[in-house]
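Please open the model in your viewer and keep the selection tool at hand. The tour below moves from one selection to the next and says what is found at each stop.

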Amino acid sequence: MKEDEIGYEMELSEESFVSTKNYGNLREAWYYKYRHLFTTSYILRTLAAFMLMHIGVTAIVNAISPMTSVPGQECPLSWEFYPFIGFLVVYMFLGVPVLLYWFWRIEDVYGIRKELISVAIIAMVGFLLYLIFLFLPSLRTLEKSFAAYVWGVIVLILTHTLFVVYPIYELRKSRLVRANSNNTHVFDQILTDPTLFEDFKAYTIKDFSVENPLFYERCRKLRDTQSRLRIPGKESINAKTRNELLSMYETFINPKSEFQVNLSSATILELTRQFESGELSLNMFSRAEREIHLLMYQNTFPRYIRYTNMKI
């Protein structure tokens, strides 16, 4: 058997991005293309930049404003408040439409797009009514009975309803298929049948958990190759097998990897120790594979059954 026959590509194989009839191609999936924008470090940097910008504008306004305190009990609508209102106008009527256009291409099974679009529209309408009540002289007389800021409260109540109350209602109403011993054989059939597995893998794109079947697939290919080529009593690792093990670590285990899987801390520490010390073995991912198998079975599989209306 030639050495090339047990070699793998350093990157994810094209088979991991197979197009299916119902889901499209992973390389073209919205979340896959923009997932780097949802990392913790990127979000924190973006929030920090906006906070520094607002702090800077506020400091400048305070430095040049002659107002040292708010006279009386009413807050005057003076020029000091215009930068704040200007930012809100830009965010609501420029930023939100851009985000709506951007989010429109999201395909997910959680209803995230529906919730984001609904909240965005509610916020835009609420802010528009706030501006009307704030600046329209004929409505200023309603300040004591219906202040402009009440529209903000209404937006918050509706947002809370959409993001918290409604999901709880849906969760109570739905009857998710529970992973148990009665349907274990169905899950195993999905993993072993090429067509069903490709459909399941494509579903996980919308489930935002595609890294799990991709990792399981790599482990299975490595395991199958080992069983064909292993010589009893000999556990040698050639250069290409070593490259595959390193590739799997960098792709799925490394904290900075693009497709990091959700493993226990003990498993991650053990794998990291093995790679740092160079103690590579053909079965080093066995524990991680079992954890991902259980994770898909207990979490992704019930949602997949519900989404596809598969009978079990």
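## A lysine in helix H7

Begin by selecting Lys-201 together with Glu-198, whose side chains form a salt bridge in which the closest N and O atoms are 3.1 Å apart. Keep in mind throughout that this is a predicted model. Both residues belong to helix H7 (residues 194–206), where Lys-201 and Glu-198 are 3 residues apart, about one turn of the helix. Are these two residues buried or exposed? Lys-201 counts as buried, with a relative accessibility of 3%, and Glu-198 is buried as well, at a relative accessible area of 17%. The side chains of Lys-201 and Glu-198 can also be listed as a polar contact, again at 3.1 Å.

## Across from the loop to helix H11

Next, select Asp-207 and Arg-303, and look for the place where their side chains meet in a salt bridge, with 2.9 Å from N to O. Asp-207 lies in the loop between H7 and H8, while Arg-303 lies in helix H11 (residues 286–308), so this pair ties together parts that are 96 residues apart in sequence. Asp-207 has a relative accessibility of 3% and counts as buried, whereas Arg-303, with a relative accessible area of 25%, is partly exposed.

## From helix H8 to helix H11

Stay with helix H11 and select Glu-289, adding Arg-223 to the view; the two form a salt bridge whose closest N and O atoms are 2.1 Å apart. Because Arg-223 lies in helix H8 and Glu-289 in helix H11, the pair ties together parts that are 66 residues apart in sequence. Arg-223 counts as partly exposed at 33% relative accessibility, and Glu-289 is buried, with a relative accessible area of 12%. If you now go back to the opening stop and add Glu-217, you will have selected Glu-198, Lys-201 and Glu-217, which are joined into one network by salt bridges that share partners. Over the whole model, the count comes to 8 salt bridges.

## Aromatic rings

Now turn to the aromatic side chains, among which the count comes to 18 aromatic pairs. One of these pairs is made by Phe-215 and Phe-252, an edge-to-face arrangement with 5.3 Å centre to centre and 65 degrees between the planes. Phe-215 sits in helix H8 (residues 211–229) and Phe-252 in helix H9 (residues 239–253), so the pair ties together parts that are 37 residues apart in sequence. Both Phe-215 and Phe-252 are buried, and it may help to hide the surface before you inspect the two rings.

For a wider view of the rings, select Phe-187, Phe-200, Tyr-203, Tyr-297, Phe-301, Tyr-304 and Tyr-307 in one step, since ring pairs link these residues into a cluster. Then move to Phe-197 and Arg-220. Which part of Arg-220 sits over the ring of Phe-197? The charged end of Arg-220 does, at 4.5 Å from the centre of that ring.

## A nonpolar patch on the surface

Switch the surface on again and select Ile-60, Ile-64, Trp-79, Tyr-82 and Phe-135, which together make a nonpolar surface patch of about 530 Å². To examine a single member, pick Ile-60, which is placed in helix H2 (residues 40–64) and which, at 52% relative accessibility, counts as exposed.

## A serine in helix H10

Select Ser-277, which is found in helix H10 (residues 265–277), and display Gln-274 alongside. A polar atom of the Ser-277 side chain lies 3.2 Å from the backbone oxygen of Gln-274, and Ser-277 itself, with 41% relative accessibility, counts as partly exposed.

## The whole fold

Finally, clear the selection and colour the model by secondary structure. How many helices and how many strands does the protein have? The protein has 11 helices and 0 strands, and from the N terminus on its elements therefore read as α-α-α-α-α-α-α-α-α-α-α. If you colour by accessibility instead, buried residues make up 34% of the 312 residues in the protein, and Lys-201, where the tour began, counts as buried at 3% relative accessibility.

Terms used. Residues are numbered from 1 along each chain as its sequence is written. This is a predicted model: local features need pLDDT of at least 70, side-chain atom pairs count only at pLDDT 80 or more; totals for chains, interfaces and linings use all residues. Side-chain values use heavy atoms; hydrogens and water are left out. Rings of Phe, Tyr and Trp (its six-membered ring) pair if their centres lie within 6.5 Å; planes under 30 degrees apart count as stacked, over 60 as edge-to-face and the rest as tilted. Helices (H or I, at least four residues) and strands (E, at least two) are DSSP runs, numbered from the N terminus. Buried means under 20% relative accessible area, exposed over 50%, partly exposed in between (1.4 Å probe, protein chains only). A charge sits over a ring if NZ of Lys or CZ of Arg is within 6 Å of the ring centre and within 35 degrees of the ring normal. A salt bridge is a side-chain nitrogen of Lys or Arg within 4 Å of a carboxyl oxygen of Asp or Glu. Patches are made of residues with over 30% relative accessible area and no salt bridge: like charges are joined within 9 Å, nonpolar side chains (Val, Leu, Ile, Met, Phe, Trp, Tyr) within 5 Å. Accessible areas come from the Shrake-Rupley method with a 1.4 Å probe; for residues, only the protein chains shown count as cover. A polar contact is a pair of N or O atoms within 3.5 Å; within protein, one must be able to donate a hydrogen and the other to accept it, and residues adjacent in sequence count only if both atoms are side-chain atoms.
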